[in-house]
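User: I should like to learn how the terms used for a protein structure are justified. Please take me through them one at a time.

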Amino acid sequence: MSDEQLSRAPVPDRAEDDSFFPSAYSLTQYTSSKTDFDGTTYPKPYKGGKWKILMIGSQERYLMMKGGEFFSTGNHPVEMLLPMYHLDAAGFEIEVATISGDPVKFEWWAFPHEDEAVKATYKKYEKQLKQPKKLADVIGEGFTAETPYLGVFIPGGHGVLNGVPFSKQVGDILHWAQANKRFTISLCHGPASLLATAVDGGKFAYEGYEMCVFPDSLDTGANIEIGYIPGPMAWLVGENLRKYNVKILNTGITGQVHRDRYLLTGDSPLASNNLGKLAATTLLEAVEA
C-alpha cells in the first residue's frame, strides 16, 4: 500500500473516550525512524559543574479540541530528546520537571526507533522523565541570581498547550530567566509557554521579540485535512503570541531556528537538531565569556 492509500482518519485511542491518535497517513508525513542528527560533538564541553539546564516537560496527554474531542498527544520525543542530546554532550546537567511532578508524557508514535542519539538520550534520562521533579519543589522559596540554571528548555508537541502556558510558576521562572540573563530554549508549540509570563496580569516578557513557532496555518489546515489532529484546536499559538507584538519569522516548517537576545526558538520537529546545536554552542560561549 502506498502512503497515499493510507487512511487519513484519526485513529481512536482506546484508553480514553472520544480521543484520537494521528492518522496513518499523517504519520508518514510527519515522522521518521531517524532524525537529521549529524554526529555533532563538542570537543571542549563545559566542566565547571555549576550551570545546569531546567527542562519543563508536559505531564498531560489529552488535549481537548474545540469540538470537545481529545488529541492523544504529549511532548514530541525528537523535540525534547535531540536538543537534550546536544546540551548533555556540551557538558550541561539537565534536571527534568513537570508542573505536577507526574511523568513526562510522550507522543510515542513519533519516536525515531532507529536513531541511536535519540535512543541513548532517552535511556540516560528515562528515570528522570518517569519520575520528574515537581515544579513547585524546584522553585522552593523562589529563584535568585545564584540559582544555577543557565537555561530553561521547554519542548513542543501539542501536549505543552495543556497547563504550561497558564502556569504562574512557569511564568515566574521565565521572568526570572529574562531578569538574570539566562536562556530560554523552545520550539514548535513550545513557545506557547511564553504566554505564561502574562498570567494573572503579569507583563508579557517577550513583547516585540522575533521567534520561530509552529505555523497556525498548519493547525487550521493540513493538520486537520490529513488527520494529524482530530479537529480544530481550541486556541492557536501564533495568534495569541501576536497579540503581544511578537514577530513570527517562519511561515512553514523547514528546520528554521532563531536567537533573539536570550530566547532561542525553532519552527518544528525539523528544527530539533539545529536548535540543539544553537543552544549548546550559545551556552558554551556564555560560560566561556
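The dialogue below sets computed values against the definitions behind the terms.

Analyst: Please note at the outset that this is a predicted model.

User: What makes the protein as compact as a globular protein of that length?

Analyst: The protein has nine helices and 13 strands. Its radius of gyration is 18 Å, and the globule rule gives 19 Å for 289 residues; the two values are close, so the protein is as compact as a globular protein of that length. Along the principal axes, the C-alpha atoms fill a box of roughly 55 × 45 × 35 Å.

User: What share of the residues is buried, and what surface does the protein expose?

Analyst: Buried residues, those under 20% relative accessible area, make up 54% of the 289 residues. The protein exposes about 12300 Å², of which carbon and sulfur atoms supply 50%. As for contacts with a separation of 6 or more, 77% are between residues 24 or more positions apart.

User: Why is Cys 188 called buried or exposed?

Analyst: The cut-off for buried is under 20% relative accessible area. Cys 188 has 3%, and therefore it is called buried. This residue lies in the loop between strand S9 (183–187) and strand S10 (210–211).

User: How is Asn 245 classed, buried or exposed?

Analyst: A residue is exposed at over 50% relative accessible area. Asn 245 has 52%, so it is classed as exposed. Its place is the loop between helix H8 (237–242) and strand S11 (247–248).

User: What is noted about the phi of Cys 188 and of Asn 245?

Analyst: Most residues other than glycine have a negative phi. Cys 188 is not a glycine, yet its phi is positive, at about 60°. Asn 245 is not a glycine either, and its phi is positive at about 65°.

User: What makes strand S3 largely enclosed by the rest of the structure?

Analyst: Five of the five residues of S3 are buried, so the strand is largely enclosed by the rest of the structure. Both of its faces are covered: Lys 52, Leu 54 and Ile 56 are buried on one side, and Ile 53 and Met 55 are buried on the other.

User: How do you know which strands pair with S3, and in which sense?

Analyst: Two strands pair if there are at least two bridges between them. Five bridges join S3 to strand S6 (residues 93–98), and these two strands run parallel. One of the bridge partners is Glu 95 in S6, which is matched with Leu 54. S3 also pairs with S8, again in the parallel sense, over four bridges. Here Ile 53 stands opposite Gly 151, and Met 55 stands opposite Phe 153.

User: Why are strands S7 and S12 said to stand at the edges of their sheet?

Analyst: Seven strands form an open sheet in the order S7-S6-S3-S8-S9-S13-S12, with mixed pairing. Strand S7 (133–134) and strand S12 (257–260) each have a single partner strand, so one side of each is left without a neighbour in the sheet.

User: What is the order of the four-strand open sheet, and which strands stand at its edges?

Analyst: The order is S1-S2-S5-S4, and the pairing is mixed. Strand S1 (11–12) and strand S4 (62–64) stand at the edges, because each has a single partner strand. S4 is joined to strand S5 (residues 70–72) by three bridges, and the two run antiparallel. Within this pair, Tyr 62 stands opposite Ser 72.

User: Which residues touch the most other members of the largest nonpolar core?

Analyst: This core has 48 residues, and those touching the most other members are Leu 54, Leu 135, Tyr 206, Met 211 and Leu 241. The elements giving two or more residues to it are strand S3 (52–56), helix H4 (135–139), strand S8 (149–154), helix H5 (168–179) and H8. H5 gives the most, with five residues. Beyond its neighbours within four places in sequence, Leu 135 is in contact with residues including Leu 54, Ile 56 and Ile 173.

User: How do you know that the side chain of Thr 35 makes a polar contact with that of Asp 115?

Analyst: A polar contact requires a pair of N or O atoms within 3.5 Å. The distance between the side chains of Thr 35 and Asp 115 is 2.6 Å, and the pair is counted as a polar contact. A polar atom of the Thr 35 side chain also lies 3.1 Å from the backbone nitrogen of Phe 37. Thr 35 is located in the loop between helix H1 (24–30) and S3.

Definitions and conventions: Residues numbered from 1 in each chain as written. Predicted model: local features only at pLDDT ≥ 70, side-chain atom pairs only at ≥ 80, totals over all residues. Heavy atoms only, no water. Buried < 20%, exposed > 50% of the residue type's maximum accessible area, 1.4 Å probe, protein only. Core = buried A, V, L, I, M, F, W, Y, C linked by side-chain atoms within 4.5 Å. Contact = heavy atoms within 4.5 Å. Rg over C-alpha atoms; globule rule 2.2 N^0.38 Å. Areas by Shrake-Rupley, 256 points an atom, 1.4 Å probe, with all protein chains shown as cover. Polar contact = N/O pair within 3.5 Å; in protein donor to acceptor, adjacent residues only side chain to side chain.
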